[in-house]
Amino acid sequence: MSLTQKIELPTVTYEQPLGLFINNEFVKGEKGQTIDVINPATEEVITKVHEATKEDVDRAVKVARETYNKVWKDTTANERGRLLFKLADLIERDLLILASIESLDNGKSISMAKGDVAAVAGCIRYYAGWADKIHGKVVETDAHKFNYTKIEPIGVVGQIIPWNFPLLMFAWKIGPALATGNTVVLKTAEQTPLSALYAAKLVKEAGFPAGVLNVLSGYGKTAGQAIAEHMDIDKIAFTGSTGVGREILKASANSNLKKVTLELGGKSPNVVFADADIEAAIDWANFGVFFNHGQTCCAGTRIFVQETIYDKFIETFKAKAEKNAVGDPFHDKTFQGPQVSKVQFDRIMGYIDQGKECGAKLVCGGGRKGDKGYFIEPTIFADCKADMTIMKEEIFGPVAAIAKFKDIDDLVHMANDTSYGLAAGVHTKDLKTAITVADKLKAGTVWINQYNALHHALPFGGYKESGIGRELGKAALANYTQVKTVSINLEGHPSGW
Ligand code: ADP
């Protein structure tokens, strides 16, 4: 099978790399296996990519280790930043190609995909800026000692990313890892390998030394597991389901205790108080749950509405959701494309069936849209109760569950009644209510009068079972660095000996 393929799309024609990206070259997998890449809008095979097996993970880790020891460790922070700035520029240059790949492979609408790629460039540039601003400290203890700390890279980092934001997750991972001086072996999700392979080509063009970043297409159970268990990977960063997050922790415990950060699932509350700007709150609620087809770990899927505006809210929200344009990802006006895969489509339809059977009120949607492609109607359930599966489990699709609350105490109890704690939204015009509720919600991010307002400068991550560690912002630098303390004795012997 070839290592590249010309792909013609409504927006662009481009050359798609298909190999594993190891040591700045696209190569075949050792076992010669391939993965079919499916277009979720048509259910047809777009192409095949080379599949990484354990042997390829070993190969990539060996290269990453050698590059770390011989080249990258001694590359100046300023040079690391320069390379990342260059990469951000190249991503912007090829924004339309990258956005089109995301629409093709993931099914997200072209307008949202363009937003994703702009955010990718912003994120890489943000971490480029950090590269030469990471310093240790002098710590004073007593007159005869001189102590300082150094912030060092961890070494070889394994990164495993999901399919919902293929390129954005790539950027969130490689930005801080490379800025802080680590080398990387990154595995993409088997459903969406294409955009990271194209970005890998840009990594080479930007001038990164061979072996600094290695990108593998592969399955979780094989290549992913091999990364998680690898004895020569010093740290692993994972984004995906809570179940697999547990497997990653176990693999670390059973191998070399590699450091672990996890960004996992959510069942986030989005709260609308009676005094909110209702039209705006409905727009944010719609965006909060249906953005990216509901395939967002922080999606505001449990919508709590204060009882005095409950009926009005549902009526207006229904009208809004029914206007969401669902269809061809390459159409400019499309808001919602297909779900990423048949597996996800079936899973979501299963949850919708449970919602219909458990006594929740189906307000709109609830069915498949069209007969080709994994399209699902925006679906809203109302009168949901805490013990319903659709209120408890992450659906990862365009499905909202609405419940009624009376006052702040009532709301806080309901909103926190989940094993997750990734994000939350609060809509109110009252500053005291906003701040009081934000303080009481057990979530890594609380958005006031907005939702899904992620920014590369703002830390993002989970309370409870939504994860370990924080991505983005300065906080993410800690994931990829370790502190070395150096203490110099200027005078004296051990006292009393
Ligand atoms: P989803 O259920 O949304 O597909 P997953 O958590 O299964 O999310 O997948 C997220 C990423 O984790 C993907 O890159 C996938 O290949 C990888 N993965 C899945 N299972 C494992 C595993 N056992 N070990 C390591 N990585 C895995």
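Biologist: Which residue in β22 does tyrosine 148 stand opposite?

Modeller: Valine 486. Keep in mind that this is a predicted model. Tyrosine 148 belongs to β8, and there valine 138 stands opposite the tyrosine too.

Biologist: What makes β8 and β22 a pair?

Modeller: Pairing takes at least two bridges between the strands. β8 and β22, which covers residues 481–489, have nine, in the antiparallel sense. Lysine 145 gives you one place to look: its bridge partner in β22 is asparagine 489.

Biologist: And how do you know that β7 and β8 pair?

Modeller: Strand β7 is just residues 138–139, and β8 runs over residues 145–153. There are two bridges between them. The cut-off is at least two, so β7 and β8 count as paired. The sense is antiparallel. β7 and β8 also form a hairpin, with five residues between them.

Biologist: How many strands are in that sheet, and in what order?

Modeller: Three, in the order β7-β8-β22, with antiparallel pairing, and the sheet is open.

Biologist: Why do β7 and β22 stand at the edges?

Modeller: Each has a single partner strand, so one side of β7 and one side of β22 have no neighbour in the sheet.

Biologist: On to the ligand. Which residues come nearest?

Modeller: There are 17 residues around the ligand, and the nearest are Ile161, Trp163, Lys187, Glu190 and Ser241.

Biologist: What makes tryptophan 163 a polar contact of the ligand?

Modeller: The limit is a pair of N or O atoms within 3.5 Å. An N or O atom in the tryptophan 163 side chain is 2.9 Å from a ligand oxygen, so the pair passes. Lysine 187 passes as well, with a polar side-chain atom 2.7 Å from an oxygen of the ligand. For glutamate 190, the distance from a side-chain N or O atom to a ligand oxygen is 2.6 Å.

Biologist: How much of the ligand does the protein bury?

Modeller: On its own the ligand exposes 550 Å², and 84% of that is buried by the protein. The space that the ligand takes is the largest pocket.

Biologist: Which element gives the largest share of the shell around the ligand?

Modeller: α7, with three residues. At least two shell residues come from each of β10 (183–188), α7 (220–229), β12 (235–239) and α8 (242–254).

Biologist: Why is alanine 171 called buried?

Modeller: Buried means under 20% relative accessible area. Alanine 171, in helix α5 (residues 166–179), has 0%, so buried is the right word. From its C-alpha to that of tyrosine 480 is 14 Å in space, though 309 residues separate them in sequence.

Biologist: Is serine 109 buried or exposed?

Modeller: Buried: 1% is under the 20% line. Serine 109 is found in the loop between α3 (95–106) and α4 (110–130). A polar atom of its side chain lies 3.3 Å from the backbone oxygen of threonine 334.

Biologist: Why does lysine 318 count as partly exposed?

Modeller: Its relative accessible area is 30%. Partly exposed lies between the 20% mark for buried and the 50% mark for exposed, so lysine 318 fits that class. You'll find lysine 318 in helix α10, residues 310–322. The C-alpha atoms of lysine 318 and isoleucine 380 are 7.4 Å apart, with those positions 62 residues apart along the chain.

Biologist: What is the phi of aspartate 383?

Modeller: Near 55°, which is a positive value in a residue other than glycine. Aspartate 383 is in the loop between β17 (379–382) and α12 (389–392). Phenylalanine 396 also has a positive phi, near 60°, and is not a glycine either. Its place is in the loop between α12 and β18 (399–405).

Biologist: And how do you know that phenylalanine 396 counts as buried?

Modeller: Its relative accessibility is 14%. That is under 20%, so phenylalanine 396 is buried. Aspartate 383, at 34%, is partly exposed.

Note on methods:
Residues numbered from 1 in each chain as written. Predicted model: local features only at pLDDT ≥ 70, side-chain atom pairs only at ≥ 80, totals over all residues. Heavy atoms only, no water. Helix = DSSP H or I, 4+ residues; strand = E, 2+ residues; numbered from the N terminus. Buried < 20%, exposed > 50% of the residue type's maximum accessible area, 1.4 Å probe, protein only. Near = heavy atom within 4 Å. Polar contact = N/O pair within 3.5 Å; in protein donor to acceptor, adjacent residues only side chain to side chain. Areas by Shrake-Rupley, 256 points an atom, 1.4 Å probe, with all protein chains shown as cover. 1 Å grid on protein atoms, 1.4 Å probe; cavity = no way out; pocket = protein on both sides within 12 Å on 5 of 7 lines; lining within 4 Å. Sits in = over half its atoms within 2 Å of the grid points.
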